[in-house]
Structures are given as C-alpha cells and as structure tokens.
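Trainee: I have this model open on my screen and would like to understand one part of it properly. Could you take me through a close look at a single residue and its surroundings, and then show me how that spot fits into the whole?

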Amino acid sequence: MKAPPFAYARASTLSEAHALLADPDAKPIAGGQSLLASLAFRLSQPTLLVDIGRISELSGVTLLGDHLRIGALTTHAALGRNDLIRRHVPLLADAASLIAHPAIRNRGTIGGSLAYADPAAELPACVVALDATIIVGSARGERRIAAADFFTGLLSTVLADGELITAVEVPCRAATDRMTIAEIARRSGDYAMAGVAVKLAMNGPQVSAARLVMFGVGEGPVLAVHAMAALVGQPMEASAIETAQAALDRDIDPPADHHGGPDTKRHLARVVLGRALNKIATEAA
Ligand code: FAD
C-alpha cells in the first residue's frame, strides 16, 4: 500500500519542532525505519511529518559525572561504536548489534525505538534494565521519566501529543556490575522471539542486585521481579540460575504470536534467560 498524503516540514531547532508538533495531527520522523512502514500500512495517518533528523540539540553522547546523556537522534550504529557507550554502558553497544541489519542501524535512532515501543525491540528492555531516565520535552516544558514508567503497553508509552524524546540518561556501570543481552530470533537481524537484558551488581561471587528485563514475550519490556529475587544474595552458579529460570514463569504471561503459543514463548524465555546468566557466570569465573 501507499502512504496517505501528508505535508512535510524540517525543523532545525528544538523550539521549532515543538511549535510544529503543537498541531495534534503532526508526527515527528527521525530515522523513518518504523514510521514509514506504519504509514504504508495506514496504521498511522498524520497530516504533517516533522523531520527532527537535523536538530543538533538531539544529537551527541556526553559523559556527565556518573551517567551518560545520549541524544535521541543517536543511531543504533553509533550506539554500537561509540567509545563512551562501550566503556560505560556496554549493554547498549551489545544490543545495537542485535537490531536488524546495518542499513537499518545506520538510520534508526534510540529516540525512535523508545517512542515506537515495539515489544520485541532490544532498546526499550535495555533502558529499563539500566534504570535509565527518559527526557521528553514539548512547548509545555520538560519531563524526566523513569524508563520503568515509560512503556504502558503494546506500542504505547506515556508520551503525550506534541512531546519529543530529547535524550536518555543512563547511569555508568560500576566496576562490579555485569551486563549482557541475549535473544532468540529465527534469523540474524529479525526481531526477537524472546530476549532478555540483564544488569547484575556483584558483591564478590554473590549477586547483590539484579535487573532482568524480558522482551518479545509481553506487550512491552517485562521486569522479571520473581526471577530477580531468586538471584539476589546467591552466588552466580547453576542452582541459582535454575531457580531464576523456574521463577520466570510467574513473571511473564506471553500472548501467542506468529512465532508460537504461550507455552513455546515461556520455554524460549527460560532458555534465553539461562543463556544470559550462564554467560555472566562463566565470565565471572
Ligand atoms: P521513526 O521510524 O522515525 O519513528 C518511529 C516512531 O517514533 C514514530 O511514531 C515517530 O513519530 C516516533 N519518534 C521518532 N523519534 C522520536 C522522538 N525523538 N521523540 C518522540 N517520538 C519519536 N528494531 C529493533 O529494536 N529490533 C529489530 O530487530 C528491528 N528489526 C527491524 C527490521 C526491519 C526490516 C525494520 C524496517 C526495522 C526494524 N527495527 C528493529 C526498527 C528500527 O530499530 C527502528 O529504527 C526504530 O524502531 C525506530 O527508529 P527511527 O529513528 O527509525 O524512528
């Protein structure tokens, strides 16, 4: 299908974008990697597309004390190769390599991925695992939203009409933190059938805090609180990993999708969690 007719305007500053987006029928476009497909399928019919792709205030990665500020226009490819991200938040760099293919990674942005909120996307799960803060702004002012409060359901977030994600603030890892991401997909570059983003704080061999966020098995990123509780206070060894895998059943209620029914998804979630935790256990050993 063809996209419905729309007008196009390129904003060169944030305030210009905010003014254009005050029109309730306007929508921002960043990399266009999800929006253009949804226009072609007529899932979205904005009358005005506001191109935010050249707004310098939305660009760049900066180290600010104990956290990184990542501009909304940072592409997946840039996440993967940025030195600050690789050093301080390697989970995001690792996640980038799992997203689609190079052509999509060169255009798609972190702001677009978070705003689109695909339940099988890597970056929404990562920002929840990392306890990031999402900064949004509009003509009405700025809001700071904890990533765990940002995603509200299938393809939906707390973003209000006219609001833009401007940046994501992510705490830098401590020397004792361990992070990883794992997923199962039919083919390299496909959206995940099941995946997990993991951040563990270690106290010697023991897990002192855990954040496990599942993706591809719910309507958005799922914080696996029972599996997390099963790990805390335990050494990272096989018995703790098995207990966490068993506890995961209480955390997820996967809907059937084109990859399979709920039982298949539960099985894939347990497998992917086991792979991620075993990888950390092996590295720690
Ligand atoms: P756009 O397409 O420009 O916009 C997406 C939505 O976000 C629109 O509603 C737009 O209005 C809104 N938006 C954009 N920027 C902002 C902002 N700063 N503030 C507020 N709203 C904003 N993603 C994955 O995570 N994993 C995958 O495996 C994966 N595979 C893909 C495979 C294919 C073939 C394709 C085409 C895409 C795939 N994607 C995947 C999606 C890709 O990562 C997109 O880049 C991303 O979802 C959207 O980023 P974008 O910059 O292109 O946003």
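Mentor: Happy to. Let's begin with His18, which touches Gly137, Ser138, Ala139 and Leu164 once residues up to four places away in sequence are set aside. Please keep in mind as we go that this is a predicted model. His18 sits in helix α1, which covers residues 14-20. Is His18 buried or exposed? Its relative accessible area is 11%, and because buried means under 20%, His18 counts as buried.

One of the contacts of His18, Ser138, takes us into a pair of strands. Ser138 stands opposite Gly141, a residue of β7. The two strands here are β6, residues 133-138, and β7, residues 141-146; they run antiparallel and are joined by six bridges. A hairpin of two residues makes the connection from β6 to β7. As general background, strands of a sheet pair through backbone hydrogen bonds, in either a parallel or an antiparallel way.

Now step back along the chain to helix α8, residues 122-129. Eight of its eight residues are buried, so α8 is largely enclosed by the rest of the structure. If you want to click through the buried residues, they are Glu122, Leu123, Pro124, Ala125, Cys126, Val127, Val128 and Ala129. Following α8 comes Asp131, and its phi is positive, near 60 degrees.

For a contrast with His18, try Arg10, a residue of strand β1, which spans residues 7-10. Arg10 has 39% relative accessibility and therefore counts as partly exposed. Leaving out residues up to four places away in sequence, Arg10 touches Glu16, Asp51 and Arg54. Of these, Glu16 falls within the residue range 14-20 of α1, the helix that also holds His18. Arg10 also gives you a nice example of the chain folding back: Leu49 is 39 residues away in sequence, yet the two C-alpha atoms are 8.3 Å apart.

Another region to visit is the open sheet of four strands, with the order β11-β12-β13-β14 and antiparallel pairing. Its edge strands are β11 (177-184) and β14 (222-223), each of which pairs on one side only. Between β11 and β12, residues 194-203, there are eight bridges in the antiparallel sense. To find your place in that pairing, look for Thr180, which stands opposite Val198 of β12.

Finally, zoom out to the protein chain. The chain contains 12 helices and 14 strands, and its C-alpha trace spans about 60 × 45 × 30 Å along the principal axes. Why call the chain compact? A compact globule of 285 residues would have a radius of gyration near 19 Å, and the chain has 19 Å, so the two agree. Of those 285 residues, 52% count as buried, and His18 is one of the buried ones. Among contacts with a separation of 6 or more, 60% come from residues 24 or more positions apart. The exposed area is about 12,900 Å², with carbon and sulfur atoms supplying 52% of it. As for charge, there are 26 positive and 28 negative side chains, and the centres of the two sets lie 5 Å apart.

How values were computed:
Residues are numbered from 1 along each chain as its sequence is written. This is a predicted model: local features need pLDDT of at least 70, side-chain atom pairs count only at pLDDT 80 or more; totals for chains, interfaces and linings use all residues. Side-chain values use heavy atoms; hydrogens and water are left out. The radius of gyration is taken over C-alpha atoms; the globule rule is 2.2 Å times the number of residues to the power 0.38. Buried means under 20% relative accessible area, exposed over 50%, partly exposed in between (1.4 Å probe, protein chains only). Contact means heavy atoms within 4.5 Å. Accessible areas come from the Shrake-Rupley method with a 1.4 Å probe; for residues, only the protein chains shown count as cover. Lys and Arg count as positive and Asp and Glu as negative; His and the chain ends are not counted. The place of a charge is taken as NZ of Lys, CZ of Arg, CG of Asp or CD of Glu. Two strands pair if DSSP finds at least two bridges between them.
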